[in-house]
Amino acid sequence: MSDILEKIYAPALMERFLRYVKIWSESDGEAADSNKMPSTDRQWDMAAALKSELEALGLSDVQTTAFCYTYGRLEASKGMEEIPSFCLLSHIDTVDEVSGKNVNPLVHENYDGKPIKLPYGNILDPESDPYLAGCKGDTIITSDGNTLLGADDKAGVAEIMTMLEYLVVHPEIKHGAIEVIFSPDEETGHGMDHVPLDLLKSKFAYTVDGGHIGELETECFNAFRSDVTFTGKATHTGSARPSMVNAVCMASSFVANLPRHQMPETTDGHMGFFAPMQIEGSIESATVSLLLRDFTESGMDERKRLVEEIASTVAHSFGGKSEVKHTQQYINMKSVLDKNPDVVKKLSAAYRAAGINPVFPPIRGGTDGSRLTEMGIPTPNIFTGGHNFHSRSEWASFSQMILAVEVLINLATGS
């Protein structure tokens, strides 16, 4: 099948991907946290394009909901109606930490294994990127370095659409029903806030939102956001002693006392972390917002306790007050998937049928799948061939993208 995909559908996959990354669909975390959904109007442009394409392919019940989820259903082949359906999901937004406006994708054919120098000064160096080092001879896709690329997750969107086209054009290939959902605002953490469960008939699903070839992700962080507010007392700085209590100083001291060896930049694998994201305020009141991540419930409980302890100790030492609010964002999907082993077994078989041995790294983050799993629909994550997400050094391996399409076809046909 790989030969057919490469000869016939590789051009379509490439055309789609390059077209999608040029659509500005960056989300806005602040707006999403204020309950705007989608958080940016520009996500409607991507949704509209996908709705038109799904309709052109002849899928049934195609629609974009009031909250910008684009849904469609590829009906089962004749005689395959009794096979349980599944859903495929990818998200249409890109992160707002790095610009996704005016993306200029560059295609580097027959990669020679040397550093790739992008026009805006970024360098992709295989000496520091072992995944890139293993892609000599491949076609590598990057931005020009002025923006991110958008492979997260427009590679996944392009792969799902190409798989659907393949099955529509080849009706002789038998498959069960397949539902697809293209969601907004995954990058803001709100991607499943209004997912149209009323439309979804499948009892299990797969996100196509992973990275390197072979990765099959079945566990993720437990995730909380903690907002720590310090209350001080303002006085004239010239006569501050002894009555002033500076909330800015308390907030700074709090961050300085978090474990340095448990930060995002000092952890990997199954190690959790504290991630201070924002400090704002004044002498009277200052707030620190941070993310807590851990793979176990007991580990998360300890992190929350430590935040409260440090905040209380700092406030007491300055003579001020502290208040901590913890908000759950998502939970580890591993326990649910462990109770539904057939969902992962089917996907593992689809990998192996494509000649790929699955590996099971933990997701150091979350996906729409982790939220959907929490809602009772087991949803592991499939690789896309994208790398260095959320950066101007983002790149995608085109051969890995083709193999991701093959995995999706195998999943559909039970290969």
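These legends accompany several close-up views of a predicted model.

Residues are numbered from 1 along each chain as its sequence is written, and side-chain values use heavy atoms, with hydrogens and water left out. Because the model is predicted, local features need pLDDT of at least 70 and side-chain atom pairs count only at pLDDT 80 or more, while totals for chains, interfaces and linings use all residues.

**View 1. Phe204 and Tyr206 meet edge-to-face.** Rings of Phe, Tyr and Trp (its six-membered ring) pair if their centres lie within 6.5 Å; planes under 30 degrees apart are stacked, over 60 edge-to-face and the rest tilted. The model has eight aromatic pairs by this rule. In this one, the centres of Phe204 and Tyr206 are 5.9 Å apart, with 90° between the planes. Phe204 is buried at 11% relative accessibility, and Tyr206 is buried at 0% (buried means under 20% relative accessible area, exposed over 50%, partly exposed in between, with a 1.4 Å probe and protein chains only). Phe86 joins Phe204 and Tyr206 in one aromatic cluster.

**View 2. Phe221 pairs with Phe273.** Here the ring centres are 5.3 Å apart and the planes stand at 80°, so this pair is edge-to-face. Phe221 sits in the loop between strands E10 (216-217) and E11 (222-231), and Phe273 in strand E12 (residues 273-281), 52 residues apart. Strands (E, at least two residues) and helices (H or I, at least four) are DSSP runs, numbered from the N terminus. Both Phe221 and Phe273 are buried.

**View 3. Two charged side chains sit over rings.** The charged end of Arg303 is 4.9 Å from the ring centre of Phe274, and Lys304 lies over the face of Phe224 at 4.1 Å. The rule asks for NZ of Lys or CZ of Arg within 6 Å of the ring centre and within 35 degrees of the ring normal.

**View 4. The largest nonpolar core holds 63 residues.** A nonpolar core is a set of buried Ala, Val, Leu, Ile, Met, Phe, Trp, Tyr and Cys residues joined through side-chain atoms within 4.5 Å. Phe17, Leu88, Leu164 and Ile382 have the most contacts inside this core. Elements giving two or more residues include helix H1 (2-21), strand E3 (86-91) and helix H11 (398-413); H11 gives the most, with eleven.

**View 5. Asp227 makes polar contacts in strand E11.** Asp227 is buried, with 17% relative accessible area. Its side chain meets those of Arg225 (3.1 Å) and Ser289 (2.7 Å). A polar contact is a pair of N or O atoms within 3.5 Å; within protein, one must be able to donate a hydrogen and the other to accept it, and residues adjacent in sequence count only if both atoms are side-chain atoms.
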